[in-house]
Structure formats: structure tokens, C-alpha cells
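Please read the following walk through the model with the sequence and the coordinates side by side. The account begins with a single side chain and widens from there.

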Amino acid sequence: MFYWFLKWIALGPWLKLIFRPRVTGAENVPDEGPAILASNHLSYADWLFMPLTLSRRVTFVAKAEYFTSPGLKGWLQKTFFAGSGQVPIDRSGGGASEGAIISAKRVLGDGELFGIYPEGTRSHDGKLYRGKVGVARLALETKAPVIPVAVVGTDVVAPPGKTFGRFTRPVVRFGKPLDFSRYEGMENDRYILHSITDEIMYEIMRLSGQEYVDMYASRAKEEQKKAEKDAGPGDADEPKLAS
């Protein structure tokens with residue numbers, strides 16, 4: 001009930017009124033039955049705007065810290081995320097990815113829509129990074145269609161690492177469902193899993209228009225931090241001598 005209260009009364013109407021998000025391809029999302037919505041991830045606002053454009057409920061996994069943090073803030077987080085139908089997952093342990101698969105299979109088994117970000121984390125520079133194979137495993141094990149999704153403009157509304165952004169109209173594009181039934185029984189073949197993931201990421205890239213980088217986003221973030229640390233403060237502004 002809290003999910004629908006947020007979507008139709010407390011939050012959704014205000015987001016629609018202020019930002020007027022645009023949507024294309026919503027007809028590609030089935031009116032009933034399970035489906036995997038595989039989306040790019042530019043901002044924490046993605047999970048607000050993408051479900052807002054659909055009449056059906058979309059469930060995502062959320063960090064376990066949102067459900068276990070102490071104090072008033074922790075209680076508010078737990079109430080909000082649990083009430084809005086999000087599934088907790090602890091990504092710190094070795095079994096985190098397996099736990100996410102189990103949670104997702106439960107949602108899809110109930111005939112619902114499951115939202116997933118194959119990149120695994122938000123893009124720090126607006127580029128699209130290599131997808132992780134969990135989305136491919138999920139598709140093969142559940143036989144649910146994969147619908148590629150591109151959310152554009154949310155990194156302007158809510159930029160990563162910043163408190164405030166700028167006004168823009170976010171755009172949500174839903175691609176045609178991808179069917180991977182031809183790979184049935186091959187969920188343990190790493191080559192097949194990577195091939196499926198690459199196909200999904202290509203469709204997301206085509207919908208979003210992002211530059212694709214064949215590297216995991218988490219590694220790209222680490223390399224950027226290392227480069228900034230090695231450069232030191234003010235190095236970027238120092239004049240370089242011609243050789």
C-alpha cells in the first residue's frame with residue numbers, strides 16, 4: 001500500500017508536475033507477468049523516474065544498510081525502502097550476488113517486474129560501463145524476458161556526489177523485449193553469460209546514446225581516484241614545460 005501511496009499521492013504526482021518526465025516504448029513492458037527491466041544507472045533518482053512512467057510496480061534490490069542502520073535516520077530509511085517494496089541485499093559478503101539472484105527470482109516468480117542495473121553501480125562520468133553477468137543468469141534461470149531501459153537526464157537533476165542539480169526533463173526509453181530462450185540450460189556457461197550481457201548492454205547503449213567503456217564501473221572509479229591522488233592538488237593547473 002505504501003508503494004502506491006508514494007507513487008500516486010505523496011511523491012509521484014509532484015515529480016510528474018515539476019519534472020514532466022517523457023517516456024517512449026512503454027508498450028514494450030507487458031501488462032502482466034514477469035519481466036526484467038535492465039537499465040543504465042546515472043543517478044540515485046533513476047529508481048524514482050523509471051517506475052513512475054509505468055502503471056505496474058517495479059521492485060529493485062537495495063543495500064542492506066538501508067534496512068539495518070541505527071537511529072532515527074536508519075528507522076526512516078528502513079520504513080521508506082521496506083514500505084516501497086524494495087528488497088534488501090548485503091553486497092559486502094562473498095554471497096551477495098547469489099543473495100541478489102535469490103531475491104530477484106522470488107520477485108519474478110510472483111509475476112512482478114524486477115529492475116536491475118547491470119553495471120552494478122552508478123556511472124561517475126556519464127559513460128556506460130560493462131555489465132555484470134548476474135542479469136544474464138537471472139534471465140536464463142527464470143526464463144523472463146529482458147527489457148533494456150535507458151534513463152537520460154537524471155544525472156542533471158541529481159548529479160552523483162552533489163546535493164543539488166539543475167532542472168531538466170528526464171527521458172525514459174524502453175526497448176523491445178529480448179528473448180534468450182535459445183540459450184536454455186546454459187546458465188553455467190560463462191561465455192554464454194557474457195554474450196547475453198553484452199547484447200543487453202548494447203541495446204541499453206543504443207537507447208541511451210552513452211559512450212560505452214569496456215570496463216567495470218567500479219574499477220573505473222578506483223582508477224580515477226588513484227589518478228587524482230597521484231596527480232596531487234593543483235597539479236592540473238600547473239603549466240607544463242615544452243620538451
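In this predicted model, the side chain of asparagine 28 reaches the backbone oxygen of phenylalanine 174, at a distance of 3.0 Å. Asparagine 28 itself sits in the loop that runs between strand S1, residues 22-24, and strand S2, residues 35-39. Its relative accessible area is 14%, and because the limit for a buried residue is under 20%, asparagine 28 counts as buried. Leaving aside residues up to four places away in sequence, asparagine 28 touches Ile147, Phe174, Gly175, Lys176 and Pro177.

One of these partners, Ile147, leads into the sheet, since isoleucine 147 in S8 is the bridge partner of leucine 37. The two strands concerned, S2 and S8, the latter spanning residues 146-152, pair in the parallel sense over 4 bridges. Strands of a sheet in general pair through backbone hydrogen bonds, in either a parallel or an antiparallel sense. Here 6 strands form an open sheet with mixed pairing, and their order is S1-S9-S8-S2-S6-S3. The edges of this sheet are S1 and strand S3, residues 58-59, each of which pairs on one side only. Across S2, S8 and strand S9, the last of these covering residues 171-174, lies helix H9, residues 190-208, which runs at about 35° to S8.

The loop between S9 and H9 holds a second residue to examine, glutamate 187. With a relative accessible area of 23%, glutamate 187 is partly exposed, whereas asparagine 28 is buried. The side chain of glutamate 187 reaches the backbone nitrogen of glycine 185 at 3.5 Å. Not counting residues up to four places away in sequence, glutamate 187 also touches Arg137, Leu140, Glu141 and Leu193. Glutamate 187 and leucine 138 are separated by 49 residues in sequence, yet their C-alpha atoms are 8.6 Å apart in space.

How far these details can be trusted is a matter of the predictor's confidence. The mean pLDDT of the protein chain is 88, and 91% of its residues reach 70 or more. Over residues 236-243, however, the pLDDT is below 50, and beyond near neighbours in sequence this stretch has 1 contact in the model. Where pLDDT is low, the predicted coordinates should not be read in detail.

Terms used
Residues are numbered from 1 along each chain as its sequence is written. This is a predicted model: local features need pLDDT of at least 70, side-chain atom pairs count only at pLDDT 80 or more; totals for chains, interfaces and linings use all residues. Side-chain values use heavy atoms; hydrogens and water are left out. Buried means under 20% relative accessible area, exposed over 50%, partly exposed in between (1.4 Å probe, protein chains only). A polar contact is a pair of N or O atoms within 3.5 Å; within protein, one must be able to donate a hydrogen and the other to accept it, and residues adjacent in sequence count only if both atoms are side-chain atoms. Contact means heavy atoms within 4.5 Å. Two strands pair if DSSP finds at least two bridges between them. Axes are lines fitted to C-alpha atoms, for helices over the stretch in contact, and angles run from 0 to 180 degrees between N-to-C directions. pLDDT is the predictor's confidence in each residue, from 0 to 100.
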